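Here's a quick walk through one protein chain, from a helix residue to the salt bridges. Have the viewer open and follow along.

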Amino acid sequence: TGVTHLEIFKKQNGEMVFLEIACRPSAGFTPEISELHCGVNFEEAHYLVQMSLPIEGLIPLKQRTMYAAYLLYPKLEGEVTELTKKLDLKTVSELKYYVKLKDILTSAKHIMDCTATVFMKSADVHLLKDEFETAVNLKPVTIVKR
């Protein structure tokens, strides 16, 4: 009893690759995304279901008007030489740094080994998708290999 987390990745060639399944809510910003999009925080819902309590506030599918996404920028080997003050994207609602200038970094070893995270939201799903694709290629943290 609870929320199920499932990860499947789609390769460039269309092949689907199963990664994991677990009886737990998704991590990262997924609880905030679910709350913004459908009115229910998946993390909270996970515990409510286990306690047999009602889940309130679910926005019906046809009435959902907000969409969200997030990015984690991984640590790369080198020295942090610059932190971008602002990403020039309309959908960015939060840009958070996990490093500071002159930090010496080693390459990421796990998913949460990041230099920055970006939370994006918009009522326009197409704008969000376009800006997400742009944000994937941005570098909010400049790292110079030593």
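## P31 and its surroundings

P31 sits in helix α1, which covers residues 30-38. The model is a predicted one. With a relative accessible area of just 5%, P31 is buried, because anything under 20% gets that label.

What does P31 touch, leaving out residues up to four places away in sequence? The contacts are S26, N41, F42 and E43. Q50, for its part, is 19 residues from P31 in sequence, and the two C-alpha atoms are 17 Å apart.

## The β1/β2 hairpin

Strands β1 and β2 run antiparallel and are joined by six bridges. Five residues lie between the strands of this hairpin, and G14 takes a positive phi there, near 95°. Across the pairing, E7 stands opposite E20 in β2.

There's also a nonpolar patch on the surface, made of L6, I8, M16, F18 and I21, with about 520 Å² of accessible area together. Both β1 (5-10) and β2 (16-22) supply at least two of its residues, but β2 has the largest share, with three. One of the patch members, M16, lies in strand β2 and is exposed at 52% relative accessible area.

## The largest nonpolar core

The largest nonpolar core holds 14 residues, and Y73, M120 and A135 touch the most other members. Strands β3 (67-74) and β7 (114-122) and helix α3 (125-136) are the elements giving two or more residues to this core.

Take A135: outside its own stretch of four places either way in sequence, it touches L71, Y73, L89 and M120.

## Salt bridges

How many salt bridges does the model have? The count comes to five. Among them is R24 with E20, whose closest N and O atoms are 3.4 Å apart. R24 is partly exposed at 29% relative accessibility, and E20 is partly exposed too, at 25%.

D113 and K75 form another, at 3.9 Å from N to O. D113 is in the loop between β6 (104-105) and β7 while K75 is in the loop between β3 and β4 (78-83), so this pair ties together parts 38 residues apart in sequence. D113 is buried at 16%, whereas K75 is partly exposed at 22%.

R146 and E79 also pair up, with their closest N and O atoms 3.9 Å apart. R146 lies in the segment after β8 (141-144) and E79 in strand β4, so parts 67 residues apart in sequence are tied together. R146 is exposed at 68% relative accessibility, and E79 is partly exposed at 24%.

Methods: Residues numbered from 1 in each chain as written. Predicted model: local features only at pLDDT ≥ 70, side-chain atom pairs only at ≥ 80, totals over all residues. Heavy atoms only, no water. Patch = residues over 30% accessible without salt bridge, like charges linked within 9 Å, V, L, I, M, F, W, Y side chains within 5 Å. Areas by Shrake-Rupley, 256 points an atom, 1.4 Å probe, with all protein chains shown as cover. Salt bridge = Lys/Arg side-chain N within 4 Å of Asp/Glu carboxyl O. Helix = DSSP H or I, 4+ residues; strand = E, 2+ residues; numbered from the N terminus. Buried < 20%, exposed > 50% of the residue type's maximum accessible area, 1.4 Å probe, protein only. Contact = heavy atoms within 4.5 Å. Pairing = 2+ DSSP bridges. Core = buried A, V, L, I, M, F, W, Y, C linked by side-chain atoms within 4.5 Å.
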